[in-house]
Amino acid sequence: LILLDLKLAWQNAKESRVRPLEEYFAAFPLLTDEVRRRLVAAEYQILRAHEKSPRIEMYLLRFPGLFDSRDSVNTLVERQSDLLAETMDESKPTRMEVPTVGKADFGDYEILDVIARGGMGVVYRARQKRLNRIVALKMMLSGVHASKTELMRFRLEAESAAALDHPGIVPVFDVGEHDGKHYLSMGYVAGQSLATRLRNGPMPPLEAARIALDVADALSCAHDHAIVHRDLKPANVLIDESGRPRVTDFGLAKTVEADGELTASGQVLGTPAYMPPEQAAGKIDLIGPASDIYSLGALFYSCLVGRPPFQAASVIDTLNQVIHDPPISPQRLNPRIPQDAAIICLKCLEKSPADRYGSAREVAEDLQRFINGEPVHARPISLGGRVLRWGRRRPVTAGLIFA
């Protein structure tokens with residue numbers, strides 16, 4: 001994400017807004033020396049790509065102790081060049097032609113129209129001819145050029161959703177390959193995403209609670225099968241014609257037991273405004289069901305106030321807020337929100353996984369109590385509790401004040 005931030009700043013011709021790596025390193029003190037060295041090599045390649053003339057000696061002066069010698073910088077830059085050339089070459093043919101719309105045939109499917117497009121794929125409304133049913137057909141744009149990781153994530157989405165039988169989760173019917181194009185077919189939800197619904201503004205508290213309750217129930221089913229979604233957000237929740245939410249897109253899901261080769265330690269995946277602090281900090285070993293509970297709280301927060309709990313001008317600033325800053329109470333943004341709704345929301349958004357609800361089922365039960373007009377089990381955090389949590393997030397500052 002730091003690399004992405006640097007690339008975008010240069011590509012948008014906003015050199016004045018490019019931050020030096022020293023600022024990123026200060027903002028993220030837990031970055032390892034190996035990650036720092038790779039980012040130095042990345043910055044070097046980005047500057048070269050924009051016809052700058054960076055001097056390797058300058059990196060030895062800027063980052064004393066990070067490199068042994070000029071040769072060590074050269075070696076690292078050469079080792080990184082292939083990877084960086086691949087990520088920066090916009091003309092590289094990594095995309096493929098997708099089927100044309102208008103009753104075109106794609107194997108057993110008849111393409112009807114486009115539902116959505118994303119960075120990695122396109123979703124069509126299609127008719128499965130053999131069973132004569134309307135489905136959502138998701139296709140990878142990279143096709144035969146897809147990397148091993150992309151293909152693994154694509155298969156994981158199919159396997160994760162196929163293992164879950166719940167009315168609040170969009171089912172997967174089929175997964176395969178046709179003419180070099182990888183695809184999966186899912187249940188078609190004739191409605192809009194929650195993200196589209198929220199463009200009209202926040203929901204009434206009871207409606208927001210019912211949406212969050214159904215999503216919590218679906219997450220509880222996934223967690224019972226040892227599956228963590230990891231990318232829960234309004235765009236991945238579809239609202240059907242009856243107004244019920246259905247969770248989709250398990251492309252970043254992981255099993256509680258293991259995550260295979262999909263995520264390396266320190267890698268950040270997901271959507272910054274809705275990811276939990278442990279995920280934003282790249283602490284992959286801490287990601288579990290409690291991480292989805294945080295994202296559920298962020299989703300509930302958006303339904304109540306019309307925006308996520310953390311939102312900044314850049315990805316890096318948003319991640320910084322997620323990791324370090326306490327969320328503003330939704331009642332401060334909308335005083336008409338009942339206190340119990342705000343308490344449930346903030347309980348989900350605790351920085352430490354241990355301070356959140358113990359399970360998605362517990363969240364669903366508290367949401368049901370709120371809907372029924374009964375007292376919720378979660379309690380507001382006392383002043384002492386807030387001070388203690390702040391101290392845990394900033395131990396050095398807290399220690400200096402105490403001293």
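Which residues form one aromatic cluster? In this predicted model, the cluster is made up of Phe106, Tyr109 and Tyr183, and the structure holds two aromatic pairs. A pair of aromatic rings is described by the distance of the centres and the angle of the planes, and both quantities are given below for each pair.

Phe106 and Tyr183 form an aromatic pair with a centre-to-centre distance of 5.5 Å and an angle of 85 degrees between the planes, an arrangement that is edge-to-face. This pair links distant parts of the chain, since Phe106 lies in strand S1 (residues 104-106) and Tyr183 in strand S6 (residues 181-187), with their positions 77 residues apart in the numbering. Phe106 has a relative accessibility of 4% and therefore counts as buried, the limit for that class being under 20% relative accessible area. Tyr183, at 11% relative accessibility, also counts as buried.

The rings of Tyr109 and Tyr183 have centres 5.7 Å apart and planes at 70 degrees, so that this pair, too, is edge-to-face, given that angles over 60 degrees are assigned to that class. Here again distant parts of the chain are linked, with Tyr109 placed in strand S2 (residues 109-117) and Tyr183 in strand S6, 74 residues apart. Tyr109 is buried, as its relative accessible area is 1%. Tyr183 thus takes part in the pair with Phe106 and in the pair with Tyr109, and the three residues form one aromatic cluster.

Aromatic rings are also found beneath charged groups. The charged end of Arg36 is positioned over the ring of Phe25, at 4.8 Å from the ring centre, while Arg133 lies over the face of Phe173, where the distance to the ring centre is 3.9 Å.

A further buried site concerns an acidic residue, Glu278, which is located in helix H9 (residues 277-280). With a relative accessible area of 4%, Glu278 is classed as buried. The side chain of Glu278 is joined to that of Arg356 by a polar contact of 2.9 Å. When residues up to four places away in sequence are not counted, Glu278 touches Lys283, Leu286, Ile287 and Ser291, together with Lys351, Pro353 and Arg356. Arg356 accordingly appears both among the residues touched by Glu278 and as the partner in its side-chain polar contact.

Terms used: Residues are numbered from 1 along each chain as its sequence is written. This is a predicted model: local features need pLDDT of at least 70, side-chain atom pairs count only at pLDDT 80 or more; totals for chains, interfaces and linings use all residues. Side-chain values use heavy atoms; hydrogens and water are left out. Rings of Phe, Tyr and Trp (its six-membered ring) pair if their centres lie within 6.5 Å; planes under 30 degrees apart count as stacked, over 60 as edge-to-face and the rest as tilted. Helices (H or I, at least four residues) and strands (E, at least two) are DSSP runs, numbered from the N terminus. Buried means under 20% relative accessible area, exposed over 50%, partly exposed in between (1.4 Å probe, protein chains only). A charge sits over a ring if NZ of Lys or CZ of Arg is within 6 Å of the ring centre and within 35 degrees of the ring normal. A polar contact is a pair of N or O atoms within 3.5 Å; within protein, one must be able to donate a hydrogen and the other to accept it, and residues adjacent in sequence count only if both atoms are side-chain atoms. Contact means heavy atoms within 4.5 Å.
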